[in-house]
Amino acid sequence: MILIVAEHAGGKLAKSTLEMVTAARESGREGPVTVLVLGQGVAEVASAAAAVADQVLVADLPQLAQYSAEVWAAAAAQIAQEGEAHTVLIGGSRSGREYAPRVAVKLDAPYLEDAIRLSVSGSALQAQRYTYLARVTETVEAQAPVTVVTVKPGAFAPAAASGEAGEQYDVELELPTPRVEVTGRSVEKSSRVALTEADVIVSGGRGVGSPENFAAYVEGLADRIGAGVGATRAVVDAGWRPYAEQVGQTGKTVQPKAYVALGVSGAVQHLSGMGKSKFIVAINKDAEAPIFKVADYGIVGDVNQIVPALIEAARK
Amino acid sequence: MKILTLVRQVPDAEARVKISAQQVDLEGTTLVIDGMDEYGVEEALRLRESGAPVEEIVALAVGPKRVEDALRTALAMGVDRAIHVETDEKLDPIALSRVVAQIAGQEGAGLVLVGGQEADWDSQALGAATAERLGWPQLTWTNELKVEEGSLTGRHDVDDGNESFRAALPAVVTTQQGLNEPRYPTLPNIMKAKKKELRKETLDTYGVQPTVRVVNAEIQTRARLNRMIDGKDPQAAAAELLDLLRNEAKVLA
């Protein structure tokens with residue numbers, strides 16, 4: 001079977017889980033597509049998963065109320081072994097890429113990380129993935145009884161509900177006690193859509209001028225068109241914006257339908273995080289800025305003048 | 001406590017990457033110590049300087065002869081000695097974690113520092129895989145770290161924000177931007193580094209095979225429209241851009 005470990009938050013199944021179902025079905029690997037739901041109070045998540053999967057395994061336990069790399073790895077490896085999974089798919093989120101390698105080591109399995117495409121070649125599983133700061137697309141393959149894969153968010157279309165809901169089963173797990181104690185949590189609350197889920201992202205660089213301008217133009221435009229807000233490393237280093245908004249090699253990788261870069265020069269580190277966006281819009285007063293080389297639509301002009309006009313025009 | 005800090009060598013971020021025979025070809029490319037690993041080297045030094053009980057800091061590199069340069073940089077920054085497992089074999093992170101875990105065990109390391117996401121693999125797997133092999137906890141995406149009596153405290157990023165943590169040592173920590181600002185090696189330290197131990201090992205000792213094979217590599221650049229809009233009249237430019245986004249790109253309603 002193909003085992004997918006569901007990603008969910010706030011009692012809702014994440015889009016990334018639906019994307020993994022598509023990845024599983026397109027992979028060419030055989031067997032039922034099985035979704036494993038780990039958490040507490042996850043009945044709603046499990047039924048949403050059942051609408052797209054052949055079967056759903058549910059571990060609704062108090063020990064699973066809080067994510068922990070060691071606990072998640074133990075749970076996924078146990079179910080993979082018991083269910084004789086040949087392919088284990090895990091989300092390419094920060095947490096997914098944190099515990100997936102532990103699952104691979106537990107199963108003595110090869111690990112294909114952050115896959116954007118999956119296919120079968122003979123008895124090997126092949127994955128495409130970006131490397132070298134997303135400048136290169138590599139095809140890697142692994143030949144083994146079981147392979148662990150993380151799936152890059154946004155790379156596959158989310159699966160739509162099929163006619164018949166998959167069966168749900170409760171599963172038993174033997175879980176370790178997590179050794180990392182969480183002593184405080186700061187959730188970066190935002191009324192805006194999460195960067196990795198956003199269809200449109202408005203992002204700002206140092207060329208925006210100041211933190212005040214960032215709020216007025218980048219956030220202003222994002223709110224106007226219902227987009228997520230991103231920032232460059234320079235902006236984050238300068239303390240204008242929180243690290244959570246950083247897009248790039250050391251921040252988040254995003255792949256929205258449209259990425260609107262305001263006052264962004266286009267350093268390689270930044271391009272590696274947003275270069276795969278479907279459409280890239282660049283507004284910058286420096287006509288020589290490298291961002292224009294990767295832009296679909298570019299305006300050489302002052303963000304202070306163009307963006308207010310854009311916000312105004314979007315109102316109509 | 002002994003700290004083992006992993007050092008890798010990657011192309012400079014601005015260097016052009018070229019492909020030959022369907023593989024990335026680093027011949028003639030400017031190579032540097034991976035920035036993420038540099039945070040690890042720096043953090044080990046800072047932990048000692050801040051008074052944490054650090055007996056020794058050892059840098060480890062696995063790779064071809066040229067990675068000696070990266071180890072020399074780490075020695076010049078201040079690590080005490082280096083181990084170079086010399087091989088031309090390309091090991092994926094899961095395979096490499098086997099080497100790192102064995103050396104951490106032999107050395108009796110109490111803390112292993114690894115870069116959070118390396119600039120050649122674009123992988124985050126090495127730290128976690130090493131932790132699992134050692135049976136240790138891991139802290140990834142760490143941007144604040146303190147070592148006290150047998151335990152670690154600090155802060156790291158998670159999916160939806162950040163967390164403060166406490167964990168018992170030994171542990172594996174992966175680094176990221178914000179943890180520190182790595183120092184530059186000074187000339188006297190570069191001279192001193194030449195006298196420090198750089199031990200050579202061979203990969204055979206560790207019985208490790210790659211688990212993943214690279215079958216193809218290509219530089220794929222999406223063809224961009226590169227359509228420039230005149231920005232002299234902001235209102236007209238804004239209207240034209242919105243029209244293109246709505247009706248040509250169809251990304252806005």
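Which strands, and in what order, make up the open sheet of 10 strands with mixed pairing? The order runs β13(A)-β11(B)-β10(B)-β9(B)-β12(B)-β8(B)-β1(B)-β6(B)-β7(B)-β13(B). Strands here are DSSP runs of E, at least two residues long, and helices are runs of H or I of at least four, both numbered from the N terminus; two strands pair if DSSP finds at least two bridges between them. This is a predicted model, in which local features need pLDDT of at least 70 and side-chain atom pairs count only at pLDDT 80 or more, while totals for chains, interfaces and linings use all residues. Residues are numbered from 1 along each chain as its sequence is written, chains are lettered from A and ligands numbered from 1 in the order in which they are written, and side-chain values use heavy atoms, with hydrogens and water left out.

At the edges of that 10-stranded sheet stand β13 of chain A and β13 (198–202) of chain B; each has a single partner strand, so one side of each is left without a neighbour in the sheet. From one strand to the next, the twist averages 25° (axes are lines fitted to C-alpha atoms, for helices over the stretch in contact, and angles run from 0 to 180 degrees between N-to-C directions). Helix α4(A) packs on this sheet, touching β9 (138–148) and β10 of chain B, and its direction makes about 85° with that of β9(B); contact means heavy atoms within 4.5 Å.

The link between the chains within the sheet is the pairing of β13 (residues 180–187) of chain A with β11 (residues 161–168) of chain B, antiparallel and over 7 bridges. A:Val187 has B:Gly161 as its bridge partner, and A:Arg185 stands opposite B:Glu163. A:Arg185 also forms a salt bridge with B:Asp160, with the closest N and O atoms 3.1 Å apart; the term covers a side-chain nitrogen of Lys or Arg within 4 Å of a carboxyl oxygen of Asp or Glu. B:Asp160 lies in the loop between β10 (151–158) and β11 of chain B and A:Arg185 in strand β13 of chain A, so the pair joins two chains.

Beyond the shared sheet, 79 residues of chain A are in contact with 80 residues of chain B. The area buried between them comes to about 6800 Å², with 51% given by carbon and sulfur atoms; buried area is the accessible area (1.4 Å probe) that two parts lose on being put together, summed over both. On the chain A side, A:Arg94, A:Tyr132 and A:Tyr297 lose the most area to chain B, together 11% of what that side buries. The rule finds 9 salt bridges across this interface, and the structure holds 37 over all chains. Helix α4 (residues 94–106) of chain A gives the most to the side of chain A that touches chain B, with 9 residues.

Chain A also has an open sheet of 7 strands, paired in parallel in the order β7-β11-β6-β1-β4-β5-β12. Its edges are β7 (111–115) and β12 (167–170), each with a single partner strand, so one side of each is left without a neighbour in the sheet. Here the twist averages 20° from one strand to the next. Within this sheet, β6 (residues 87–91) and β11 (residues 147–151) of chain A pair over 5 bridges, A:Val88 having A:Val148 as its bridge partner. Helix α1 (residues 15–26) of chain A packs on the sheet, touching β1 (2–5), β4 (33–39), β6 and β11, and its direction makes about 165° with that of β1(A).
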